[in-house]
Amino acid sequence: MAQSLELLLIQFLMPDNDARRQAEDQIKRLAKDPQVVPSLIHHLRTAKTPNVRQLAAVLLRKKITGHWGKLSPQLRQLVKQSLIESITVEHSPPVRRASANVVSIIAKYAVPAGEWPDLLPFLFQCSQSAQEEHREVALILFSSLTETIGNSFRPYFADLQSLLLKCLQDETSNRVRVAALKAVGSFLEFTHDEAEVIKFREFIPSILNVSRQCLASGEEDVAVIAFEIFDELIESPAPLLGESVKAIVQFSLEVCASPNLESNTRHQAIQIISWLAKYKSSSLKKYKLVGPILQIMCPLLAESTNRDEDDDLAPDRAAAEVIDTMALNLPKQVFPPVFEFASLSSQNANPKFREASVTALGVISEGCLELMKDKLEPVLHITLGALRDPEQMVRGAASFALGQFAEHLQPEIVSHHESVLPCILNALEDTSDEVKEKSYYALAAFCENMGEEILPFLDPLMGKLLGALQSSPRNLQETCMSAIGSVASAAEQAFVPYAERVLELMKIFMVLTNDEDLRSRARATELAGIVAMSVGRLRMEPILPAFVEAAISGFVLEFSELREYTHGFFSNVAELLEDGFTQYLPHVVPLAFSSCNLDDGSAVDIDDSDEDENVNGFGGVSSDDEAHDEPRVRNISVRTGVLDEKAAATQALGLFALHTKSSYAPYIEETLKILVRHSTYFHEDVRLQAIISLKYILTAIRAVFQNHNEGITKIKEVLDTVMNIYIKTMSEDDDKEVVAQACMSIADITNDFGYMAVEPYMPRLVEATLVLLREESSCQLIESDSEIDDDDKEHDEVLMDAVSDLLPAFAKVMGAQFAPIFSKLFEPLMKFAKQSRPPQDRTMVVATLAEVAQHMGAPIAGYVDAVMHLVLKELGSPEATNRRNAAFCVGELCKNGGNSVLKYYADVLPRLYPLFGESEPDNAVRDNAAGAVARMIMAHPESIPLNQVLPVLLQVLPLKEDYEESTSVYGCICNLVLSSNAQILSLVPQLVNIFAQVAVSPVETPEVKVHIGRAFSHLISLYGHQMQPLLGNLPPAHANALAAIAPKS
């Protein structure tokens, strides 16, 4: 075979295609025989030309796996010996590397079986050889062997690390340094032990040196390996980087700021900064690196790029992502320098800098929202100015920024509608389609949180939008429909005059079937559902069947986005029609099932290439079925359209169940199976909708079975499934929003089903709540590179507000029995009240304490001394929400705290007093202060100087905003009147005026009015005709309302 094989190898390398093809066929045939192995080894060692030797090694790599088990021990020994010789004696680097690849494959089988004990000693010997080639090939082998037999290196890790560090610092050979750099990359990927990984910290200076040398010599592809190594180190949970963060950032910034380097190289450097911002943000803060990073990143936003290159690699785009990530993680450090950059650049003569100015403000608006809300005037001044810029690119960036503000700076930005909306209306007329499209987006986001403020603009807005809808290209029509949807939601009933025209146009879009029109059809389907919600069931129900039919017909068009929006449309229609939706269930539920059961479409990209095989066309010799080289998985991607569709379908199933209740019975079992499956789905959007929908299914099951004896068992069974999923989610899910939703759902179920239903789960619920309050659950695990200071913690609005709502929910159903549980939760809760925590954390604690005191009652007395100092301090907070919650809390503590609270009365009254004066700008705070005083009077009237307190209390009545305080406030006053208290009877004129305003109020409850009526009657019985002048001074409507609520004698 040897002779004929040599001729075939030579023939394969000929330029003649036919000759090559014949040789390839012959080689394939011969390669099925195990004897091909010794023949290939022979040519690898003896063939005269390097190309033939290299081809022999490549073929050997492909065939050795299938044949190794069939070779005799003697032959195996020959193969190993020959490969070692090839590596050490061979002069051609490609042949050495190809031989090393074969060693790596054989080692996978031979080393774990103990058949190659001298391989590792040989490699260590090679790596210390005086010959550069030997050191290089040893490092190449260490790299490739890590992938196949990494575990065998474990005993030698310390020696290997020393060796790699020495080779990284090799003063005589750049090739050795580069091979060492690659080997470090391979080892890091394999290493998971914290102690081992930490040792790589000392490699960082050498890695930076090698990378700088590679960049200087134009070997950018090698320099990039440094960034891959840093990526591994950054993502590692071990506290790895320490001081070396400074050196890594400095090097990365040098690369970012070098426009002569390849865009991919710069992109990798920018990514490192982005990952540091994401995973090690406290290190950036600790080593004062935020400023230097932004000094490079902000100007990068203004870098002109060749738009032909891959957009994702464009430096301006990558820089925007870094600034966004930094803003999300370090808002206090990011806002001042970015705002300064934006202010200066907005005046720059270069339009790229004016564009960068508003782009920067747009990208930080999500992370820096609280800081930007405080600076909205100057921020809007820059942005609205840019919207009038002569350059289109600047106007486009300004409209993008406005859209971001509208999305993230709510509700504060809506108060600027008088300056913002006219500018957006103007931009809708822009000559550039790009500016128009972004302006529709800004308009849609801006109107989403508007209410009646939109009414003065409704006519001009709808005039422009309806005009654009009929005359614009498709992409503009789509954003235009989003804007109409937001306007319809804001205007509600005022939208009715425009609804008919909009729906007529939507009908046209909802029957389009060409591929290029399907996105517009999806938007139109969504908009039809939004408009239906605005105009109401009465007007919509008669005309709905045509829209439902059109929506159903879109399912056969195989367009994921259309199916996603169609599920949203059906969800809206279900909410609109409630029981009237039952007729559509047999048509729409199977569609939602089919979307939920879709294949995820996970596409796995297999990398089976090998650089050897692409040399001189060697790729033509393909491996046959006998070879089992393990491919490397390069990339796992998921079709995001399918995810969005699944999430929408999961949401729809829950809403169908919620709104049709018992009519949903035939679909409950299948729906429950899907929701249980989706509660552990890999993507959080789908899990979130499953967690919400599980609660709705419970509502439907209750409606179906509530009047059946055997139904109790079924309800318990499903409740058990749902509660177990929720408790598991609280502990194990890594997404805060999903965990928050599980907490909110548990609070709702506790309120809806009562204590008996949740009692079996209380020990586990309390444990899961404790873990969340201690911030130790899966979704709260943060970087361990350095502890985040308490004063740098942001309030976790998504998660902790939901967790803290569990305590009042438990207290409400358990009453005083909640006391032993609350004693466990109290200390972890109070950690959030430290002075170093953000104000939102402190008010969350105070609100929780208030509601627990309200529902738990007397046992709160044991906590008064521990919390009163905090609550009194919060009464003076600069934040209205904090003052409001503190006033509510102090009232509940006084009401339920028994005698332990009396000693604080003298401190509480002076702290509450300012909340009644002109200096208090917030009505809700004033109402809660009134509620607190009322509770104090009812609890201990003897401890209150009524002659001083009552005039102050009455002057802020009637209540203006928080009508939940009505029962306490008016209950207290009425009780004083009914008991003929002398202090209150001296204030009859004010009382009559207040009573009349309560009587005429459309928001006060009948119960409150009945109480007021009784007190008013008592005054009449006391003072008779003396009341006439007071009643005569009232407006007739007030006097009549008061007379109507007085009990008839």
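**Figure 1. Contacts across the whole chain.** Take the contacts in this protein with a separation of 6 or more: 74% of them link residues 24 or more positions apart. Keep in mind that you're looking at a predicted model. As for burial, 56% of the 1049 residues count as buried.

**Figure 2. The overall build.** Helices and strands number 54 and two, respectively. Measure along the principal axes, and the C-alpha atoms fill a box of roughly 130 × 75 × 65 Å. On the outside, the accessible surface of the protein adds up to about 44,800 Å², with carbon and sulfur atoms supplying 51% of that.

**Figure 3. How H47 and H48 pack.** Here we zoom in on two helices, H47 (residues 923–939) and H48 (residues 946–955). Their axes lie 11 Å apart, and the packing angle is about 150 degrees. Angles over 145 degrees count as roughly antiparallel, so that's the label for H47 and H48. The handedness of the H47 and H48 crossing is left-handed.

**Figure 4. Side by side: the residues where H47 meets H48.** From H47, look for Ala930, Val933 and Ile937. Facing them from H48 are Leu946, Val949, Leu950 and Leu953. What kinds of residues make up the contact of H47 with H48: nonpolar, polar or charged? The tally is seven nonpolar, with no polar and no charged residues in the contact.

Conventions. Residues are numbered from 1 along each chain as its sequence is written. This is a predicted model: local features need pLDDT of at least 70, side-chain atom pairs count only at pLDDT 80 or more; totals for chains, interfaces and linings use all residues. Side-chain values use heavy atoms; hydrogens and water are left out. Axes are lines fitted to C-alpha atoms, for helices over the stretch in contact, and angles run from 0 to 180 degrees between N-to-C directions. Helices (H or I, at least four residues) and strands (E, at least two) are DSSP runs, numbered from the N terminus. Angles under 35 degrees count as roughly parallel, over 145 as roughly antiparallel, 65 to 115 as roughly perpendicular and the rest as oblique. A crossing is left-handed if the near helix is turned anticlockwise from the far one by less than a right angle, and right-handed if clockwise. Contact means heavy atoms within 4.5 Å. Ala, Val, Leu, Ile, Met, Phe, Trp, Tyr, Cys and Pro count as nonpolar, Asp, Glu, Lys and Arg as charged, and the others, Gly among them, as polar. Buried means under 20% relative accessible area, exposed over 50%, partly exposed in between (1.4 Å probe, protein chains only). Accessible areas come from the Shrake-Rupley method with a 1.4 Å probe; for residues, only the protein chains shown count as cover.
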